[in-house]
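Open your viewer, load the model and keep the selection tool at hand. We will move from the whole chain to single side chains, one stop at a time.

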Amino acid sequence: MVEFGEKIKHIREEKGMTQQTLAEKLYVTRQAVSRWECGARYPDLLTAKKIAKILNVSLDELVSGEELKENIEREPVLAQPVENIVQTVLYTAAAIVYFLLCVFAVYSFRTNTALKNTPAGKITIITVSSDIILIVYFIATAIGFILSVKNRLTAKITGYIMCVPYVLASFSFLMMYINMKIKNNGYIDIIGWLTDFVVPLVFAICIILFFRLKERRIPLVIIVGICVLTIGYLVYGYKNRFINFTELGFVITTVNMAGKMGMTALLAYQAYVWDKKKKIAYEVLK
């Protein structure tokens, strides 16, 4: 990436512009411009486009196709300061929620003496899988938080983190089916398998491919559609369970749902920004 920095420095000096002047026009620090020019860091594509406009050159004069291919894979999806702060806050909130839910699940099971020696107090595949799901949710959001703080949350990692809820939804359904078979009660028809097992897995695959593929083979509208359907599903499920809530159940379920809806909204925005970056990249590569 040194070549890119040398180009910026050369054109900037030709135009009699200081690092401080360029930094002020980009709303970044002079140190950021200095790091770009010495090759220590690389701006995201949107910032690179702004640099080209300020220096009055085309983007492909600054960035070679190979540099662009390398950078698009390793730059953060939400690299702008405000975007990154919002992303970090959402990951922080989600990680705290799932950590507390994990603690509550363990504490309530161990301290509820009324359930001991009863069917409800036994460890089953459902209780174990529920705890596993909470732990995986916490790990995924904690990783998102750490990488967001470090501004190293790349598209590939974003795709993996954001597919977790859908993979876990399929896992939860599968555990429920196995539990039914063990107890030899209940029946799940083909519609149930499609909506609660196959569809979440398809959604997860679409999300991973969208953030992994440089080419725009998975349209943005598909990811937005997944987000809309997810929020609708969450609201519908919450509404159906509302009348059966205890006070504690209401608080836990409401917080859980709010966290999931926040992460879904974040997914939609991450997908929108990533799609714009791919569009800019492949306009240059044409």
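What follows is a short tour of this predicted model, with something to select at each stop.

**Stop 1: the whole chain**

Start with a cartoon view of everything. The protein chain has 12 helices and zero strands, so you can read its pattern along the sequence as α-α-α-α-α-α-α-α-α-α-α-α. Of its 286 residues, 40% are buried. If you look at contacts with a separation of 6 or more, 75% of them come from residues 24 or more positions apart.**Stop 2: a helix pair**

Now select residues 125-149, which form helix 8, and residues 155-183, which form helix 9. How do their axes cross? They come within 10 Å of each other, at an angle of roughly 180°. Since angles over 145 degrees count as roughly antiparallel, helix 8 is roughly antiparallel to helix 9. Show side chains where the two meet: helix 8 contributes residues including Ile125, Ile132, Val136, Tyr137 and Leu147, while helix 9 brings, among them, Ile157, Val164, Leu168, Phe171 and Met175. Colour this contact by residue class and you will find 18 nonpolar, four polar and no charged residues.

**Stop 3: the largest nonpolar core**

Next, select Ile207, Phe210, Phe211, Ile223 and Leu267. These are the residues with the most contacts inside the largest nonpolar core, which has 39 residues. Which elements give two or more residues to this core? They are helix 7, helix 8, helix 9, helix 10 (190-212), helix 11 (220-241) and helix 12. A second, separate core has 19 residues, and Met17, Ala23, Val33 and Ile51 are included in it.

Stay with the first group and centre on leucine 267. You will find this leucine in helix 12, which spans residues 247-285. Is leucine 267 buried or exposed? Its relative accessibility is 1%, so leucine 267 counts as buried. Beyond its neighbours up to four places away in sequence, leucine 267 touches Met162, Tyr166, Ile207, Phe211, Ile223 and Cys227. Try the distance tool here too: from the C-alpha of leucine 267 to that of glycine 159 is 8.8 Å, although these positions lie 108 residues apart along the chain.

Step across to phenylalanine 211. With residues up to four places away left out, phenylalanine 211 touches Ala155, Lys156, Thr158, Gly159, Leu267, Gln270, Ala271 and Trp274.

**Stop 4: polar side chains in helix 7**

Select glutamate 83, which sits in helix 7 (residues 81-111). Glutamate 83 has a relative accessible area of 18% and is therefore buried, as the cut-off for buried is under 20%. What joins the side chains of glutamate 83 and tyrosine 269? Look for a polar contact of 2.8 Å. Apart from residues up to four places away in sequence, glutamate 83 touches Leu78, Tyr269 and Val273.

Continue to glutamine 87, also placed in helix 7. Glutamine 87 is buried, with a relative accessible area of 2%. Show what surrounds it: once residues up to four places away are set aside, glutamine 87 touches Leu78, Ser148, Leu153, Leu266 and Gln270.

**Stop 5: serine 148**

One of those contacts makes a good next selection. Serine 148 belongs to helix 8, and its relative accessible area of 0% makes it buried. Which residues is serine 148 in contact with, leaving aside its neighbours within four places in sequence? They are Asn84, Gln87, Thr88, Tyr91 and Leu153. For another distance, pick serine 148 and valine 86: they are 62 residues apart in sequence, and 9.7 Å apart from C-alpha to C-alpha.

**Stop 6: two asparagines in loops**

Finish with backbone angles. Most residues other than glycine have a negative phi, which sets up the last two selections. Asparagine 56 is in the loop between helix 4 (45-54) and helix 5 (59-62), and its phi is near 60°, a positive value. At 64% relative accessibility, asparagine 56 counts as exposed.

Then go to asparagine 184, in the loop between helix 9 and helix 10. Here phi is near 55°, again a positive value in a residue other than glycine. Asparagine 184 counts as exposed, with 71% relative accessibility.

Key. Residues numbered from 1 in each chain as written. Predicted model: local features only at pLDDT ≥ 70, side-chain atom pairs only at ≥ 80, totals over all residues. Heavy atoms only, no water. Helix = DSSP H or I, 4+ residues; strand = E, 2+ residues; numbered from the N terminus. Buried < 20%, exposed > 50% of the residue type's maximum accessible area, 1.4 Å probe, protein only. Contact = heavy atoms within 4.5 Å. Polar contact = N/O pair within 3.5 Å; in protein donor to acceptor, adjacent residues only side chain to side chain. Axes fitted to C-alpha atoms, helices over the stretch in contact; angles between N-to-C directions. Parallel < 35°, antiparallel > 145°, perpendicular 65-115°, else oblique. Nonpolar A, V, L, I, M, F, W, Y, C, P; charged D, E, K, R; others polar. Core = buried A, V, L, I, M, F, W, Y, C linked by side-chain atoms within 4.5 Å.
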